[in-house]
Structure formats: C-alpha cells, structure tokens
Amino acid sequence: MISTISITAQVTNAIRDAIVTGEYEPGKKLSESALSQYYKVSRTPIREAFKQLEREGLVEIIPRVGTCVTKPTEKELIELFRVKEVLEGLAAGLLAEVGDAETIKELAESVDMMREAVSTNNHKLYVEANNIFHRVILDGSDNSKLVYLLNILLNQIPYNRYVFLSIEVPNRLEKSLEEHEKILKAIQAGDKELAEKRMREHVSASGQQLQKGIAQKLLKNK
C-alpha cells in the first residue's frame, strides 16, 4: 500500500469504508490476523485502526471476545435519524438561502437520475443518485462544522445498506422520489423555511420506512 499518508491511516480508511458501505455488516467480528494478511501489513496498524474506529463509534473492542462492527439498536437508529433530520434540514435551508445556481443545477440532475432509477426500478442507481443529492445539499450549505458533524453521524451506520433496505418497502421508491422533488422545488424557490421543512419530513419518513424494511428482512430470515 504505497501512499503519502501513513500505513495506519490507509488501513483505518479502508476498514472504515468497508464498514460504512456495509461490506462489513453490523455485528461482524473483525480478525486482526485476517485483516493484517488482507492488507499486507503487520497487526500493529490494524490494532491502531481499531482504536480509532472505536472512538468514531464504528467498532466495539470487547475484552476476551475481540473487535466487532458496531450494531446499532433500534433505539440508537431512531436517535440517529432524529439528529440527521435536524442537521440535514438545516443544510437544506442554508442552501436555499445561499441559492448557488451551479449547486442547484447539480441537485436537479441528481433528481433526474432518481426519476430514471424509478422508471427502470434500478435500486442501485437510485441509491447512487440519493447519495449525490444529499452530498450536494450538505456541501452547498457552505458550513464546514455542519458537514463534519453529519459525516461523523452517518459513519456510525452502514448508511447505503439502510437506504437499500428502506426503498425495498412497497411504494417507498416512488414516495421517496416525490419527497426529493419537493425539497428541490423549495430550494429552487429560495424558500429557506420550506426547504428545511421538506427535508425534515423526508428524513423522518426514511427513518420510519427503514424500520419497516428491517422488520421485513427479519421476517424473511426466520
């Protein structure tokens, strides 16, 4: 692994990405020896990576058990989405206030991607477009502290995996598109209060549908 950043930082970034994207699922036990072989490093940077990821809330280091990917409880997921609702609502309102034309154009293009994904029932494309939409709003808020806080929050869950779960709920894909269109319209109109309101409604609905999606998956696995 050749880079200008340290081996430990590279390994930490790689493991973090694997957790955030859902490659390493919640509850999965992470082996120091297996990861050191996989990343072709000694156990020391793996151990240091675990310590950093524990501070970020992504893993748990359990004495006499080992290191496991953090598995949020239902209560923790509800709490996460409530905070996400507030932060992303603020970001949408700030973007509406800033009104940067290029940013709003990029936002509209992501909604076009969503429409295409819905028309073809392409869940992977929808999740990609969803990621772009929310990233554009966050970056467009022009508030570095807000970006930092929301990224720390979202890193505590494999967010993309949960988006997939939520849109598997019947009719959720179409409803989600409608919610994104309403957010876009409010931002295009420069209506700060409405943009924040629409975003908060969307995040709240997403959290509720995620709970349904998790319940459906549990039933299928019985």
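Let's start with a loop residue: Asn 121 counts as exposed, because its relative accessibility is 52% and the cut-off is over 50%. This is a predicted model, and the tour below goes from two loop residues to a small sheet and then to the empty spaces. The sheet has three strands, the largest pocket holds about 410 Å³ of space, and the largest cavity holds about 130 Å³.

**Loop residues with positive phi**

- Most residues other than glycine have a negative phi.
- Asn 121 has a positive phi, near 55 degrees, and is not a glycine.
- Asn 121 sits in the loop that runs between helix H5 (101–120) and H6.
- Lys 40 is another non-glycine residue with a positive phi, about 60 degrees.
- The loop that holds Lys 40 lies between helix H2 (32–38) and H3.
- With a relative accessibility of 75%, Lys 40 counts as exposed.

**The sheet and its helix**

- The open sheet has the strand order S1-S3-S2, with antiparallel pairing.
- Strand S1 (29–30) and S2 are at the edges with a single partner strand each, so each has one side without a neighbour in the sheet.
- Helix H3 (residues 43–55) packs on this sheet and touches S1, S2 and S3. The direction of H3 makes about 115 degrees with that of S2.
- Strand S2 (residues 59–62) and strand S3 (residues 66–69) are joined by four bridges in the antiparallel sense.
- Across this pairing, Val 59 is opposite Val 69 in S3, and Glu 60 is opposite Cys 68 in S3.
- S2 and S3 make a hairpin, with three residues between the strands. In the turn, Arg 64 has a positive phi of about 65 degrees.

**A closer look at Cys 68**

- Cys 68 belongs to strand S3, and it counts as buried because its relative accessible area of 13% is under 20%.
- Leaving aside residues up to four places away in sequence, Cys 68 touches Gly 27, Lys 28, Lys 29, Leu 58, Val 59, Glu 60 and Ile 62.
- Tyr 24 and Cys 68 are 44 residues apart in sequence, while their C-alpha atoms are 9.5 Å apart in space.

**The largest pocket**

- The largest pocket contains about 410 Å³ of space. Its lining has 18 residues, and those closest to the centre are Asn 131, Arg 135, Asn 151, Leu 154 and Tyr 159.
- Helix H4 (74–98), helix H6 (123–140), helix H7 (144–154) and helix H8 (159–167) each give two or more residues to this pocket's lining.
- H6 contributes the most to the lining of the largest pocket, with seven residues.
- The pocket lining is made up of seven nonpolar, seven polar and four charged residues.

**The cavity**

- Rolling a probe the size of a water molecule over the atoms shows where empty space is left.
- The count gives one cavity of 30 Å³ or more, and the largest cavity has about 130 Å³ of space.
- The lining of the largest cavity has 16 residues, with Tyr 159, Val 163, Ser 166, His 202 and Ser 206 nearest its centre.
- At least two lining residues come from each of H4, H6, H8, helix H9 (172–188) and helix H10 (192–220).
- H8 supplies the largest share of the cavity lining, five residues.
- By class, the cavity lining has seven nonpolar, seven polar and two charged residues.

How values were computed:
Residues numbered from 1 in each chain as written. Predicted model: local features only at pLDDT ≥ 70, side-chain atom pairs only at ≥ 80, totals over all residues. Heavy atoms only, no water. 1 Å grid on protein atoms, 1.4 Å probe; cavity = no way out; pocket = protein on both sides within 12 Å on 5 of 7 lines; lining within 4 Å. Points joined across faces, edges and corners; volume = space filled by probe spheres on them. Nonpolar A, V, L, I, M, F, W, Y, C, P; charged D, E, K, R; others polar. Pairing = 2+ DSSP bridges. Buried < 20%, exposed > 50% of the residue type's maximum accessible area, 1.4 Å probe, protein only. Contact = heavy atoms within 4.5 Å. Axes fitted to C-alpha atoms, helices over the stretch in contact; angles between N-to-C directions.
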